[in-house]
Amino acid sequence: MSHDLLNRIDQRTRLAGHNRLALLLFRLGGRQLFGVNVFKVQEVLRRPDLFQVPGLPNEFAGVADVRGRSVPVLDLGVAIGHPERAPGSEGAPAYLVVAEFNRSVQGFLVSGVERIVNIAVEDIHPPPELGAEATYLTAVTRFQGELIQVIDVESVLADIAQIETDIQIDPALALETDRPLQVLVVDDSRVARQQIRSVLDQLGVGATLLSDGRQALDHLLQVLAAGEDPAERYAMVISDIEMPAMDGYTLTTEIRRHPGLSGLYVLLHTSLSGVFNNAMVEQVGANAFVAKYSAHELAEYVLERLREVAEA
């Protein structure tokens, strides 16, 4: 693997909003090619020495010391039950991918890292309809004839660590209004959808849940075609950014371009963070941006908007 594999990530982020997804491609032993959103990757290292910590789930290989920081390391092939995991040195995990998910740093082991590719999101498709809500896949695509399985590492981690998706917030935050309020939630991660729905349920707000920007845009256009103002049905749209079929930046741009949708309030909600995102939020015309995942911070943003709607 070239030492400068990730040196141009900052340049590649400029593809966001042009409806392309940057993937880091890797293998877990065997021929199957996997991908993960490159914007969540901090660095790729040769497998370091790992030390053991009591109480780690079996799917974790240990903890690595990465630049003075202790990083839990997931054996990704074991975690997803990868059937091609080969014994011996050929399939042994040789690289550590260090990534940030929802404000925490995690590492996962892979047997080989291939390259970074940019895929048009119209060429990225939902996973097969075989218990899709329980799968570790968030999408599938192809590159140079090879099938790529895009892994929802956040969901894998959530299942292993038994992360609570029914998050409790202060009951006093619930909004008292006689007007029924609805929010459109767009996120390709089932864990994220469940977490957001939990917050909205406790706020007394209804939710429509969709898994990508294309579904959301089609749904909003259907609402409009039925003679209803989408901005009247939905107090706000909460959208992830990196999704198959249509990303959140493009969804927001399409909403702002369409005269029948332009009045919608859009909050972009993503584990991708940084100055670049803030600039893109302004460029595409989103109303707000909040990084994943703080239930209380999300609740504050939602309540601020809902109070505006209730008082209007």
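Strand β6 (residues 69-75) runs parallel to β8, and three bridges hold the pairing in this predicted model. Strands here are DSSP E runs of at least two residues and helices are H or I runs of at least four, numbered from the N terminus, while two strands pair if DSSP finds at least two bridges between them. Within this pair, Leu74 has Phe108 of β8 as its bridge partner. On a housekeeping note, residues are numbered from 1 along each chain as its sequence is written, and side-chain values use heavy atoms, with hydrogens and water left out. Since the model is predicted, local features need pLDDT of at least 70 and side-chain atom pairs count only at pLDDT 80 or more, whereas totals for chains, interfaces and linings use all residues.

β6 and β8 belong to an open sheet of six strands, ordered β3-β7-β8-β6-β5-β4 with mixed pairing. At the edges stand β3 and β4 (50-51), each with a single partner strand, so one side of each has no neighbour in the sheet. As for the antiparallel part, β3 and β7 pair over five bridges, with Arg46 matched to Tyr95 in β7. β7 and β8 are also antiparallel, this time over seven bridges, and Val98 sits opposite Gly107 in β8. β8 itself is mostly covered, as six of its seven residues are buried (under 20% relative accessible area; exposed means over 50% and partly exposed in between, with a 1.4 Å probe and protein chains only).

Two loops next to strands carry unusual backbone angles. Arg67, in the loop between β5 (60-66) and β6, has a phi near 55 degrees, a positive value in a residue other than glycine. Gln144, in the loop between β10 (137-143) and β11 (146-151), likewise has a positive phi, of about 50 degrees, without being a glycine. Arg67 is exposed at a relative accessible area of 70%, and Gln144 is exposed at 67%.

What about the packing? The largest nonpolar core has 27 residues, and those with the most contacts inside it are Leu24, Phe26, Leu76, Phe108 and Ile151. Such a core is a set of buried Ala, Val, Leu, Ile, Met, Phe, Trp, Tyr and Cys residues joined through side-chain atoms within 4.5 Å. The elements giving two or more residues to this core include β1 (20-27), β2 (33-37), β9 (112-120) and α3 (153-161), along with the sheet strands β3, β7 and β8. Leu76 touches Phe26, Leu28, Phe108, Leu109, Ile151 and Val156, leaving aside residues up to four places away in sequence; contact here means heavy atoms within 4.5 Å. A second, separate core of 23 residues includes Tyr265, Ala288, Leu298 and Val309.

Helix α5 (residues 213-225) has 13 residues, which at 1.5 Å a residue should span 18 Å, and its end C-alpha atoms are indeed 18 Å apart; the expected span is 1.5 Å times one less than the number of residues. Its buried residues are Gly213, Ala216, Leu217, His219, Leu220 and Val223. These cover an arc of only 160 degrees around the axis, which puts them on the same side of α5 (the arc is that of the directions from the helix axis to the C-beta atoms). Gln222 and Ala225, on the other side of α5, are exposed. The cover over the buried residues of α5 includes β12 (182-186), β13 (206-210), α6 (230-233) and α7 (248-257).

Helix α7 also holds Thr252, which is buried with a relative accessible area of 0%. Beyond residues up to four places away in sequence, Thr252 touches Val266, Leu268, Val284, Gly285 and Ala286.

Taken as a whole, the protein comes to nine helices and 16 strands. Of its 312 residues, 53% count as buried. Residues 24 or more positions apart account for 66% of the contacts with a separation of 6 or more.

Confidence varies along the chain. The pLDDT (the predictor's confidence in each residue, from 0 to 100) averages 80, and 79% of the residues score at least 70. Among the elements, helix α1 (residues 9-12) has the lowest mean, 40, and strand β14 (residues 236-239) the highest, 96. Over residues 1-16 pLDDT stays under 50, and the model has 29 contacts beyond four places in sequence for this stretch. Residues 86-90 are also below 50, with two contacts beyond near neighbours in sequence.
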